[in-house]
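Dear colleague,

I am handing over the structure below, and I would be glad if you could look through it with the notes that come after.

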Amino acid sequence: MSDAHPTPVAVIGAGVTGLTLAHLLDRQGLPVCVYEAQARLGGTMRTSREEGFLVEHGPNSAQETTPLLRQLFAGLGIDGQFEYAAPASKNRYVVRGGRLHAVPLGPTALLGTGLFSGRAKLRLLAEPFIGRANPDEDEDLAHFVERRLGREFLDYAIDPFVSGVFAGLPEKLSVRSAFPRLWELEQRYGSLIKGAILGARERRKRQEQSKQSAQSFSFREGLQALIDALARSLGDKVRTRAPLRGLRPEGAGFSLELEGQAPVRARAVVLTIPAYTYEGLEIGFDCAEARRALAQIYYPPVAVVFCGYRRNPLARPLNGFGFLVPRREQRQILGSLWNSSLFSGRAPEGGLALTVFVGGSRQPEHALWPEDRLMDAVAAELKDLLGLAPRPDLQRIFRWPRAIPQYQVGHRQLMGAVEDCEARHPGLYLGGNFRGGISVADCVKSAHALADRVAGALAG
Ligand SMILES: Cc1cc2nc3c(=O)[nH]c(=O)nc-3n(C[C@H](O)[C@H](O)[C@H](O)COP(=O)(O)OP(=O)(O)OC[C@H]3O[C@@H](n4cnc5c(N)ncnc54)[C@H](O)[C@@H]3O)c2cc1C
C-alpha cells in the first residue's frame, strides 16, 4: 500500500471475524487491508471435497441466531448456496448407560424420557422458586446449573452440551461470560423457566432467535463458501503469508511490522487473531496488562475425526444431529455429528458421513494421541454406541492444538484489561472469538459491532 493511497484500516487475521469486518468496512467505502499469517484464508473454518465426501475441518454448521447473517450472505451473493439443516437435525442424542437417549424437545417428551430420573424431573419444578445469585459474583456454570436445576441436569444436559459447544468443562466456565443469556435470564426474570417463556416474546420482537431454537445452516459446498465469498469481495485487499510481528504508534495511526515486508502504515488496526498469539508480537506501546490477560485464556486441543462410508453399513439411516457424551459416562470421545443426515451432498449417494470430536478440556491428552490410537478409540466407541463396525472408507484427522478459547471464571476481568488497552490507544481494536462469543454467528455479530466502532471513530 503506497502513500499515494489513503492510509487504510489494517485488519489482522483472516478468519471469519477479520474477513467479515473488512468486508463491512470496505462496503462503507473505508480503505481496508487484511493481513493473514497463513497462505490460506478462513482460520478455523475450512472445507475440502475428498472422494465424493464433503469434509469440514473445523466448524460443521452455524446457527441462524441473528438476521445479520442472511443480510451478509445476500450482500455477498451466496444466499442461493445457503442450506438449512434437515428437519431431522432436531433429533439430538445424549449417551446414558451406554445408550443413546433423544434429548426431549418439550414438556411431554421430558416426562417420558429415560435421560433423567423421576427425581431429576421433579427437581426442575423447584427452579422458578430459587433466588438469584449475587450479580457481582462470577459464578461457574456447574454451580449455577446445579443450584437452579439439580445435579443430574448438570451431568446429563449441560455437561455434554458444554463439551459440544466449547469443548469445555462446566466447572471452569463462567456462566456470565460463556452463556450470558442464561445469566441474564436469572438476573432479569429470577428463573430460567420463566425467562425462557418471556424472553422468547421479546426476541420475536427483535427478530432474533435463541441458540436453542435457531436453525443450523451451512452452504452446499460447506462453510468455506462464506470465506471464499468474503475473499472474492475483498479481492487484492487481502494479503496472505503476511504475519504481523510488531506494532507501534506512528503519527495519528500505527506502523505495522509484517514478516518479509517493509513497514506498513495504518490509520486504525483491528486485531482478530487468537489471544495466545499476542505473546509473540513486539508492541511499541504500553498494553502489558492486556497481554497478560490474553495469555491467560486457555484453548484446549481438539481432534476432529471425519469418517466417510461409501455405503451406509448400518441397517438404518442415522437420522439426527448426532450425539454428545456426558463426562460421567467415561468414554473416549466427546460426541459425534452426523453430517450426511444434516446436509445434502456430504457423502456419495447411499453413503454415510459423520464427524467425531475428541479431547477438549475434558480429555486434552486424547486429542494428541497418535493416529492409530485415536482411530482405534473412535472405532471402538462408534461400534459400541452406534453398532458401526466397519472402518470408514475415508478417514481424516484434523488436530487443533489450541481450538476454542474458554471463557473461564474471571474472563470479564481479562476483557476489562483489553477494554482498558483500547481506551488508552485510540485506533486500536482487539477482537476475535475470545470476545463476544465463540460461535460463527457470534463472530459475525462481533464483526458488525467492530465495524460500527471503527467507522464511528473514523467519522468522528
Ligand atoms: C474444531 C472446531 C469446531 C468448531 N465448531 C463450530 C461449530 O460447529 N459451529 C460454530 O458456530 N462454531 C464452531 N467453532 C468455533 C468457530 O469456528 C470459531 O470461533 C471461529 O471460526 C473463529 O473465527 P475467528 O476469525 O475469530 O478466528 P480464527 O478462525 O482463529 O482466525 C484467526 C486468523 O488469524 C490468523 N493469525 C494468527 N496470528 C496472526 C498474525 N500474527 N498475523 C496475521 N494473522 C494471524 C490465523 O492464521 C487465522 O487465520 C469451532 C471451532 C473449532 C476449532
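What follows describes one strand, the domains and the surroundings of the ligand.

Please bear in mind throughout that this is a predicted model. The strand I would start with is β16, residues 302-309, where eight of the eight residues are buried, so that the strand is largely enclosed by the rest of the structure. In a regular strand the side chains alternate between the two faces of the sheet. In β16 both faces are covered, with Val-302, Val-304, Phe-306 and Gly-308 buried on one side, and Ala-303, Val-305, Cys-307 and Tyr-309 buried on the other.

As for its partners, β16 pairs with β19 (residues 352-359) in the antiparallel sense over eight bridges, and within this pairing Tyr-309 stands opposite Leu-352. Strand β20 (residues 394-400) is joined to β16 by seven bridges, also running antiparallel, and here Gly-308 stands opposite Leu-394.

The domain assignment gives domain 1 (9-45 + 220-297 + 407-459), domain 2 (116-211) and domain 3 (300-400), and the centres of domain 1 and domain 3, taken over C-alpha atoms, are separated by 33 Å. Each of these two domains nevertheless supplies at least three residues to the shell around the ligand.

Of the 36 residues around the ligand, those that come nearest are Gly-13, Gly-15, Thr-17, Gly-43 and Pro-59. At least two residues of the shell come from each of α1 (16-27), β16 and α16 (440-459), with α1 giving the largest share, three residues. By type, the shell divides into 20 nonpolar residues, 15 polar and one charged.

With best wishes

Methods:
Residues are numbered from 1 along each chain as its sequence is written. This is a predicted model: local features need pLDDT of at least 70, side-chain atom pairs count only at pLDDT 80 or more; totals for chains, interfaces and linings use all residues. A residue is buried if 20 or more other C-beta atoms lie within 10 Å of its own, exposed if 12 or fewer, and partly exposed in between; C-beta atoms are placed from the backbone. Helices (H or I, at least four residues) and strands (E, at least two) are DSSP runs, numbered from the N terminus. Two strands pair if DSSP finds at least two bridges between them. Domain bounds come from an automatic or database domain assignment. A residue is near a molecule or strand if its C-beta atom, placed from the backbone, lies within 6 Å of it. Ala, Val, Leu, Ile, Met, Phe, Trp, Tyr, Cys and Pro count as nonpolar, Asp, Glu, Lys and Arg as charged, and the others, Gly among them, as polar.
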